Amino acid sequence: MKTKIKKIFTHWRVIILLLFVIFSLVAIQPHFSNQGAAIRNVVQNSSASLARIENPSPKLTPLAKERIIALDGKKVLSAADYYDLITKVQENDTINVQTNKRSYSLLATANDLGRVDLGLKVYDAPTSNLRKGLDLEGGTRVLLKPTEEISQEDFDSILDNLRERLNVYGLSDIVVRPASDLAGDNFILIEIAGITEEEIKELLAKQGKFEAKIGNETVFLGGKKDITYVCRSADCSGIDPRKGCAKSSRGYSCGFFFSISLSPEAAERQAQATKDLDTQNEDGGCFLSESMYLYLDDKEVDSLRIGCELKGSASTSIQISGGGSGTTQQEAVAVALQNMKKLQTVLITGSLPVKLDVVKLDTISPSFGKEFMSNVALIAVLALGAVALVVSIRYRRAGVVIPMVLTLVTEMTMLLGFAALVGWNLDLAAIAGIIVAVGTGVDHLIIIADEAMKGAAVVYDWKTKIKNAMFIVMGAYFTVLSGMLPLLWAGAGLLKGFALTTIAGFSFGVLIARPAYAVVIEILMRESN
Amino acid sequence: MLKLLKDIYERRYKTLMIFSFAILILALVQIGVQYYTTGDFINRGVTLKGGSTITITETAIDSNDLKSFLKEKFPKADISVRTVTSAGKVVNIAVDSDAQETEEINNLLSAIIQKESLTKEDYSVEVMGSSLGQSFFKQTITAIIAAFLLMAIVVLIYFRKVVPAFAVVLCAFSDITVSLAIFNLTGIKLSTAGVAAFLMLVGYSVDTDMVLSTRMLRRKEGPVMERVYSSIKTGLTMTTTTLVAVIVALIFVQSEVIKQIMLILLIGLLVDVVMTYIQNVGVIRLYLDRVEKKGKIQAA
């Protein structure tokens, strides 16, 4: 027996298999005991960002993300703990936030709705490097289609623009990528993990064309070319202190303002547009005869009176104002600030070259995801157990059954390791692909076992037996491969995850795990024959 | 008894084959009838024809009550309410509708939220624009046809004879067609995941067919029927293990998507047993008989 085991572990196929498995485990890095609330986003200009907590780069692996483990000495074991503890913090308190990296001191400020918000979006700390797709973690998936034909260049600039808009808005854990289908249509797929607000849809689909006109002349547009700086800090943006909030017929309305800086060219255009205007003296002061009108997506959103001192002057600093209303003052403030944020984003990032249609929209609540994960794990274990049972009944030899079960486990491990390494998001489609790969794995192992077990009646030597078995396996492999390839492109890649995991799982199985099993069987059975 | 069955299987294989073709024809008839009566050859769900699905985890809801309430409030919408069960317990309630515009969906959603006092964590929304659903459907049909063609080519290269390639493709086609007909009879609406499941069936079907064809055609030891029986042994073990795993998943899984995949696999695997060991065996036996006859005539 000992020599057999030695033979097994020194055979090159088994060694390769073991190397791959070890590599996969390293890639996955299971840390089942990980606790805490991992930071998904740090909202700009919040107390968290002021305390220098870093916004995690999307390139970070899940386990490398910073985790909050205590708030003011109280343990934080999950995202729920964090959000719970936050409600007990008072405004203007100084809190100590401890992460697995270091300690930060934060000043608690209230957000737009009057609640204490440190500006941190967190989620349950990941227990491995496997990235969970939306179906498992909750979030929003949007599929956008340009309403007109556009060039590849424009398409790329739309992708960049959308990424920037989402980043500016404070979201970094996002996926923005092109997708296409067999009909040749191009789509944009956006996935944002974590609970998101409804504005996301507005933010993405609105073309965001911003224009400022004096009279009929466009003075400046949104985007970096004309607007060099948009203020977002409290000293030059927020609720307008001069207008404040006032009661209106349907509740309250509040005014916001923020300053921007224009480029010299835009400022010059403004000077040109104003130099020939008349001045009018009114009780508010001295103003020019024409106002500046601001248009967002061809709708007028604001008009500003221009002070006389700006006549003919290439002033680069301008104040933009607007408002928002609601049934309560609190709501009005929130809406006003939301509108301000939207306008700021559009001014910073500029407009999209063409309008986008929302073709598909999924919002998945995270509680779905959590239950789903544990459900899937349970089923995987049960299914594996059931398969082992059937195989034991058929073969009744531990030398056949145990390596089979172990091989299946290695196939699953390698597939997951590959997913962790490549940074795939595991979603339902991917899980279905895993099911297929493992399901056929069992089949092929059975084929190999059967060929190997053809007893003394057959005078084939081992090489031929294994060759026969692998022949069938390879044939099936190529056939399924050719079936999966078209799926990579069909239907805007909705089944891409499924096709990829099936192909990857199959390849790992057929090329690495199953031949190794054949070797193991050979060594274990050979001397007993 | 067993001897009688064995006898029938060995001697009357042509009759059995006709039986399997009869099943295939019945399946085609079902699909044809479905097409004439509903305009579509399968029951398409929301993800394939456009619309939205609101999935609710709050299970203390009377789905019939909710359905009549929604139908009353939105008489023009095509709404259906169904329950998703796992291990006998209801785990989700799903509201399918043809609402695609945000406004329509929000109206529907707020009606449900208000009636059942739900919070944000209690529901999920999935929307599929109808054009995407349609184009996806069309493209998967193309993908399936492409898969068949490629499969035939691979088998052709492997066996260098037309007959086995034809037999494998015919078997896979029969598997999918009969499974589709049976699925239609269940009344469940097909989703994008279901389409993926049908493609998986192709893979599983090919596995069992390859074992059979290789043993029947490329091995020369022993009489043909012995090789057929050894293939049955191997093939049934393969199918049983997968069936067992699929049944476990079907009972315990909570996700509707995976449930549909498992159901289609279950139906498909059972159909595959019939098609592989009756139809496929029959076709190859016919072919071998003819080869033998030709050999005898030439020798004589």
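## Getting oriented

Helices and strands here are DSSP runs, with at least four residues for a helix and at least two for a strand, and they are numbered from the N terminus. With that in hand, Asp98(B) can be placed in the loop between β3 (89–97) and α5 (102–116) of chain B. Please keep in mind that this is a predicted model.

## Chain A in outline

Let's begin with chain A, which has 14 helices and 23 strands. It runs to 529 residues, and 53% of them count as buried. Its accessible surface is about 24400 Å², with 56% of that belonging to carbon and sulfur atoms.

Sequence-distant contacts are well represented in chain A: among contacts between residues at least 6 apart in sequence, 73% join residues at least 24 apart.

## Chain B in outline

Chain B carries 10 helices and four strands, and along the sequence they come in the order α-α-α-β-α-β-β-α-β-α-α-α-α-α. Its C-alpha trace spans about 85 × 40 × 30 Å along the principal axes. Of its 300 residues, 54% are buried.

For contacts in chain B with a separation of 6 or more, 76% come from residues 24 or more positions apart. The chain exposes about 13900 Å², and carbon and sulfur atoms supply 63% of this area. As for charge, chain B has 31 positive and 26 negative charges, and the mean positions of the two sets lie 15 Å apart.

## Two patches on the surface

Back to Asp98(B), which has company: together with Asp78(B), Glu101(B), Glu103(B) and Glu104(B), it gathers in a patch of negative charge on the surface. Asp98(B) counts as partly exposed because its relative accessibility is 38%, a value between the 20% and 50% cut-offs.

The other patch is nonpolar, and its members come from chains A and B: Leu378(A), Leu382(A), Ile247(B), Ile251(B) and Phe252(B), with about 380 Å² of accessible area together. Two elements give two or more residues each, namely α10 (366–395) of chain A and α9 (224–252) of chain B. The largest share, three residues, is from α9(B). On the chain A side, Leu378(A) sits in helix α10, and its 43% relative accessibility is why it counts as partly exposed.

## Salt bridges

Over all chains, the structure holds six salt bridges. One of them pairs Arg394(A) with Asp450(A), where the closest N and O atoms are 3.2 Å apart. This pair links distant parts of the chain, since Arg394(A) is in helix α10 and Asp450(A) in helix α12 (residues 428–453), 56 residues apart. The partners differ in burial: Arg394(A) is partly exposed at 26% relative accessible area, whereas Asp450(A) is buried at 8%.

Another salt bridge joins the side chains of Glu411(A) and Arg514(A), at 2.9 Å from N to O. Here, too, distant parts of the chain are linked: Glu411(A) belongs to helix α11 (residues 398–422) and Arg514(A) to helix α14 (residues 496–526), with their positions 103 residues apart. Glu411(A) is buried, with a relative accessible area of 5%, and Arg514(A) is buried as well, at 0%. In chain B, the side chains of Arg44(B) and Asp40(B) meet in a salt bridge at 2.8 Å from N to O, and both residues are buried.

Technical notes
Residues are numbered from 1 along each chain as its sequence is written. Chains are lettered from A and ligands numbered from 1 in the order in which they are written. This is a predicted model: local features need pLDDT of at least 70, side-chain atom pairs count only at pLDDT 80 or more; totals for chains, interfaces and linings use all residues. Side-chain values use heavy atoms; hydrogens and water are left out. Patches are made of residues with over 30% relative accessible area and no salt bridge: like charges are joined within 9 Å, nonpolar side chains (Val, Leu, Ile, Met, Phe, Trp, Tyr) within 5 Å. Accessible areas come from the Shrake-Rupley method with a 1.4 Å probe; for residues, only the protein chains shown count as cover. A salt bridge is a side-chain nitrogen of Lys or Arg within 4 Å of a carboxyl oxygen of Asp or Glu. Lys and Arg count as positive and Asp and Glu as negative; His and the chain ends are not counted. The place of a charge is taken as NZ of Lys, CZ of Arg, CG of Asp or CD of Glu. Buried means under 20% relative accessible area, exposed over 50%, partly exposed in between (1.4 Å probe, protein chains only). Contact means heavy atoms within 4.5 Å.
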